Amino acid sequence: MGKYDNLANNIVSNVGGADNVESLVHCFTRLRFVLKDESKADKNKILENDKVVDVIQAGGQYQIVIGMDVSDVFEDINAIYHFKGGNEVIEDSEAKDADLKKMTDNRSTWDKVIDIFSSIFVPLINILCASGIIKGLLAILSAAHILQANDGTYIVLNAIGDALFYFFPVFLAITAGRKFKVEQFTSVAIGASIIYPTLISVLSGKAISTIFTGTIFESKIYITFLHIPLILNNYSSTVIPIILAIWFASYIEKWTKKWMPKAVASFMVPVVVLLVVVPISLLIIGPVATWLSNVISWIVMALYKLNPMLFGAFIGGFWQILVIFGIHTGLVPIILNNLATQGYDYMWAANVACCFTQLAVLCALAIRIKNNNKIKKNTIAAIFPAIFGITEPAIYGVTLSLKKPFIISCLSSAIGGALAMVLNLKFYRMGGQGIFVFPVYLPDNASNWNGIINALIVVIVSMVIAFVTMLITYREKDTDPYLMKNSSK
């Protein structure tokens with residue numbers, strides 16, 4: 001028996017039953033269901049559970065906000081029901097696939113895109129942060145001259161922190177394979193093939209020709225495949241190429257299964273898939289995806305250069321709103337793409353203050369609230385997770401209900417985002433949240449602490465603005481909407 005078995009059964013029952021669940025993943029605070037028919041879910045029944053903070057329908061997902069116990073709840077649900085997206089892939093029959101397609105085709109294109117990105121990236125978020133924290137720690141040790149790049153300790157720790165990022169296409173191949181229903185080890189083989197060391201080593205040789213010279217599409221030709229010029233790139237740490245490759249592989253695998261004799265299908269289907277997908281990925285998909293990556297990075301940088309302060313204010317001010325709707329994960333591929341193509345990103349640098357402004361308004365409310373013990377208790381309870389970057393308890397439990405604190409937090413974050421761009425703050429790697437976030441603003445082998453110092457300046461200024469504004473503008477009547485909302489409970 002799991003600790004949350006009763007909660008697990010209650011949630012599944014009230015989302016329409018196990019048969020209504022297409023897949024389930026989780027992020028830091030939410031269970032993210034993809035339901036076949038969302039009308040079968042009973043939001044009010046789900047919200048009756050004390051462990052459920054809120055229910056959000058966005059991005060093609062039915063998101064149940066749990067809080068810091070979400071991973072335990074997820075594990076207990078998956079131990080009972082074994083939904084796709086968790087620890088295993090469940091093969092659907094063609095009939096079920098057809099029925100499901102009819103159901104999910106009603107979703108908007110945007111919902112489908114967000115669902116794809118969430119299904120692929122959300123399972124990797126925790127290990128991305130863990131690896132980023134290790135790399136951030138190394139950056140601090142390097143800046144403090146405690147470790148040098150040629151030290152054995154540094155080399156080992158760097159291997160631990162960097163392995164995920166170097167072999168990122170292999171990890172993405174696993175989650176993309178689950179999403180696009182490609183056999184897991186075939187997906188891994190595709191991911192490993194495009195970053196095979198011998199292929200990468202070719203890039204250090206002499207190019208035999210260059211195409212699109214002088215543009216963002218400029219590419220060098222080093223070798224040919226079947227006498228066809230091959231545009232090689234280093235796909236380590238990249239995002240878009242492997243996702244497109246696995247998506248393409250899903251069609252080739254389905255097509256091959258239709259005509260391959262069942263007696264040899266178990267090993268011949270992967271043979272066909274690999275021989276078709278890997279060369280086409282290297283010849284067409286990889287180069288096109290690389291060009292697309294360059295275009296995306298160029299657009300983001302163009303927006304930044306157009307008006308850095310406005311760019312920062314927009315990202316900083318609206319980030320918490322994106323979190324509410326659960327669509328902030330849709331920006332993760334862009335951020336990871338920027339890290340892979342240019343080594344840094346401005347988008348997450350612009351939202352550095354978001355969780356801290358929530359923390360600041362919570363602290364101000366904890367001081368000022370006198371007339372309602374329940375909301376004060378919720379406020380104090382939300383402070384601890386906010387310190388570590390988990391703001392859902394603050395948003396759904398306190399600030400959004402009161403409105404003014406949420407608006408103050410967003411405006412303060414907007415000011416912080418603008419200030420971050422003035423200070424040219426850059427985000428160098430995935431990492432921790434809250435108080436563990438600062439090392440991500442320090443480049444590898446940094447010789448100074450400017451990145452961390454600038455991030456601290458942005459956070460402190462934003463928190464002071466949020467804290468003081470909340471203290472000054474708070475009135476006892478501000479809690480009346482909350483009291484009216486909960487008086488019947």
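A salt bridge is a side-chain nitrogen of Lys or Arg within 4 Å of a carboxyl oxygen of Asp or Glu. Helices, in which some of these pairs lie, are DSSP runs of H or I with at least four residues, numbered from the N terminus. The structure described here is a predicted model.

**Salt bridges**

A search of the whole structure finds three salt bridges. They are listed below with the N to O distance and the relative accessible area of each partner.

| Basic residue | Acidic residue | N to O distance |
|---|---|---|
| K51, 35% | D69, 23% | 2.5 Å |
| K135, 7% | D162, 26% | 3.2 Å |
| K257, 47% | E253, 4% | 3.9 Å |

The pair of K257 and E253 lies within one element, helix α11 (residues 240–259), where the two residues are four apart, about one turn of the helix. An α-helix has 3.6 residues a turn, so residues three or four places apart point the same way. The closest N and O atoms of K257 and E253 are 3.9 Å apart, and the pair forms a salt bridge. E253 is buried because its relative accessible area of 4% is under 20%, whereas K257, at 47%, counts as partly exposed.

The side chains of K51 and D69 also meet in a salt bridge, at 2.5 Å from N to O. K51 is in the loop between α2 (43–47) and β3 (54–58), and D69 is in the loop between β4 (61–65) and α3 (70–81), so this pair ties together parts that are 18 residues apart in sequence. Both partners are partly exposed, K51 with a relative accessible area of 35% and D69 with 23%.

The loop between α2 and β3 also holds N49. N49 is buried, with a relative accessible area of 14%. Beyond residues up to four places away in sequence, N49 touches L7 and N10. The C-alpha atoms of N49 and L7 are separated by 7.5 Å, although these residues are 42 apart along the chain.

**The pairing of α6 and α7**

In the salt bridge of D162 and K135 (3.2 Å, N to O), D162 belongs to helix α7 and K135 to helix α6, so the pair ties together parts that are 27 residues apart in sequence. D162 is partly exposed at 26%, while K135 counts as buried at 7%.

The two helices, α6 (residues 125–143) and α7 (residues 152–166), have axes that come within 8 Å and cross at roughly 145°. This crossing is left-handed. On the α6 side the contact includes I127, L128, K135 and L138, and on the α7 side it includes Y154, L157, D162 and F165. By class, the contact has nine nonpolar, five polar and two charged residues.

**Helices α20 and α17**

Helix α20 (residues 450–473) has 24 residues, which at 1.5 Å a residue should span 34 Å; its end C-alpha atoms are 34 Å apart, which agrees. Among the buried residues of α20 are G451, I452, N454, V458 and M470. The elements covering the buried residues of α20 include α6, α16 (354–368) and α19 (404–422).

T379 is found in helix α17 (residues 373–387). At 0% relative accessibility, T379 counts as buried. Leaving aside neighbours within four places in sequence, T379 is in contact with L362, L365, A366, I369 and V398.

Key: Residues are numbered from 1 along each chain as its sequence is written. This is a predicted model: local features need pLDDT of at least 70, side-chain atom pairs count only at pLDDT 80 or more; totals for chains, interfaces and linings use all residues. Side-chain values use heavy atoms; hydrogens and water are left out. Axes are lines fitted to C-alpha atoms, for helices over the stretch in contact, and angles run from 0 to 180 degrees between N-to-C directions. A crossing is left-handed if the near helix is turned anticlockwise from the far one by less than a right angle, and right-handed if clockwise. Contact means heavy atoms within 4.5 Å. Ala, Val, Leu, Ile, Met, Phe, Trp, Tyr, Cys and Pro count as nonpolar, Asp, Glu, Lys and Arg as charged, and the others, Gly among them, as polar. Buried means under 20% relative accessible area, exposed over 50%, partly exposed in between (1.4 Å probe, protein chains only). The expected span of a helix is 1.5 Å times one less than its number of residues.
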